[in-house]
Amino acid sequence: KVNGDIAATRSQRDATENVIDHSVKQQYQDLDETLEKTIGSSSNKGPPAVGQRKSLNDIMYIDKIKEKSENEITQIWREYHRQRDSICAVIPKSTYDRIIERAAECPLFVYPLPRNEGVEFVFGQFNKDDCHFTPLLSFKTFGENAPPILTISHYQEFSKSKGIVLMSGNWDPKQLSSTEAQFLANQLQLFYAVEDESRYALVKSFNHFPENFNYEDVLQCSLNK
């Protein structure tokens, strides 16, 4: 039980438009020709209820928890999301500093998502503390009209005082299951958060040297143990 320390508001906000920067579409058309994948069964009909950012105070009353310990805030955050069957994480400040530094240098990447008997690639782009995901097939087909199917938001309000950054994921249930949303969140951590430079080298290649980028390298790095 959260004992009233958390309150979710239901205030309506206009969805953020064009959260994906589609100016990069032309740059990666050559890569599309080399991509081999099995298309998943997700539908592209109808915009998902993602792509908008809530403030942390829209999710919980900051004034009621700011004096609590790191462990207490972590428990509250996890319980809030557990009750709503949502994905979340509590990230050490040092780890998030690495993520956001890399995201500023290389905001774009593609993530393999296992589906059915194959893999579907999902295109992700950072916008400050948020990362928006849309199917690569949808990005190629619909350009600026391709809606995000998952938005991962990070909150730094307790970064200095508690040494933690709170993460929350919001996805379209018609496009992704909670397991698939969690998988993509883990993939983001795999390529942006870990100290392994070989993984981040693939992100650099995609952003700055697309002519050298190989989807097979991502698959091997992402899906192989």
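The largest nonpolar core in this predicted model has 44 residues, and those with the most contacts inside it are F109, L150, F191 and Y192. Helix α8 supplies the largest share of this core, namely seven residues. A second core, separate from that one, has 15 residues and includes Y80, Y155, I164 and L166.

These cores belong to a protein with ten helices and six strands. Of its 225 residues, 50% count as buried, and the protein exposes about 11,800 Å², of which carbon and sulfur atoms supply 44%. When contacts between residues at least 6 apart in sequence are considered, 68% of them join residues at least 24 apart.

**Strand β5 and its partners**

L150, one of the residues with the most contacts inside the largest core, belongs to strand β5, which covers residues 150-155. Once its neighbours within four places in sequence are set aside, L150 is in contact with V50, C131, H132, F133, N170, W171, L176, A181 and L184. How many of the six residues of β5 are buried? Six of the six are buried, so the strand is largely enclosed by the rest of the structure. The burial applies to both faces of β5, with L150, I152 and H154 on one side and T151, S153 and Y155 on the other. Y155, on the second of these sides, is also among the residues included in the separate core of 15 residues.

On the side of strand β4 (residues 130-135), four bridges join that strand to β5, and the two run antiparallel; within this pairing, H132 stands opposite T151. Strand β5 also pairs with strand β6 (residues 164-171), again in the antiparallel sense, over six bridges, and here S153 stands opposite S168.

**Helices α8 and α10**

Helix α8 comprises residues 178-192 and contains Q182. Is Q182 buried, partly exposed or exposed? It counts as partly exposed, because its relative accessibility is 28%, which lies between the 20% limit for buried and the 50% limit for exposed residues. Although Q182 and S86 are 96 residues apart in sequence, their C-alpha atoms are 8.9 Å apart in space.

Helix α10 spans residues 215-223 and holds S222. At the start of this helix, a side-chain oxygen of N214 reaches to within 2.8 Å of the backbone nitrogen of E216. Within α10, the residues Y215, V218, L219, C221 and S222 are buried. S222 counts as buried because its relative accessibility is 12%, and, with residues up to four places away in sequence not counted, S222 touches P112, Q187, L190 and F191. One of these residues, Q187, also takes part in a polar contact, in which its side chain and that of S222 are 2.2 Å apart. Another, F191, is among the residues with the most contacts inside the largest core.

**Cysteines**

How many disulfides does the model contain? The count comes to zero. C88 is buried, because its relative accessibility is 19%, and C221 is likewise buried, because its relative accessible area is 17%; both values fall under the 20% cut-off for burial.

**Two loop residues with positive phi**

Two residues other than glycine deserve a separate note for their backbone angles. N116, in the loop between β2 (108-115) and β3 (118-127), has a phi near 55 degrees, which is a positive value. K128, in the loop between β3 and β4, has a positive phi of about 60 degrees. N116 counts as exposed because its relative accessible area is 62%, and K128 counts as exposed because its relative accessibility is 71%.

The relative accessibilities of individual residues discussed above are collected here.

| Residue | Relative accessibility | Class |
|---|---|---|
| S222 | 12% | buried |
| C221 | 17% | buried |
| C88 | 19% | buried |
| Q182 | 28% | partly exposed |
| N116 | 62% | exposed |
| K128 | 71% | exposed |

How values were computed:
Residues are numbered from 1 along each chain as its sequence is written. This is a predicted model: local features need pLDDT of at least 70, side-chain atom pairs count only at pLDDT 80 or more; totals for chains, interfaces and linings use all residues. Side-chain values use heavy atoms; hydrogens and water are left out. Buried means under 20% relative accessible area, exposed over 50%, partly exposed in between (1.4 Å probe, protein chains only). A polar contact is a pair of N or O atoms within 3.5 Å; within protein, one must be able to donate a hydrogen and the other to accept it, and residues adjacent in sequence count only if both atoms are side-chain atoms. Contact means heavy atoms within 4.5 Å. A nonpolar core is a set of buried Ala, Val, Leu, Ile, Met, Phe, Trp, Tyr and Cys residues joined through side-chain atoms within 4.5 Å. Two strands pair if DSSP finds at least two bridges between them. A disulfide is a pair of cysteine sulfur atoms within 2.5 Å. Accessible areas come from the Shrake-Rupley method with a 1.4 Å probe; for residues, only the protein chains shown count as cover.
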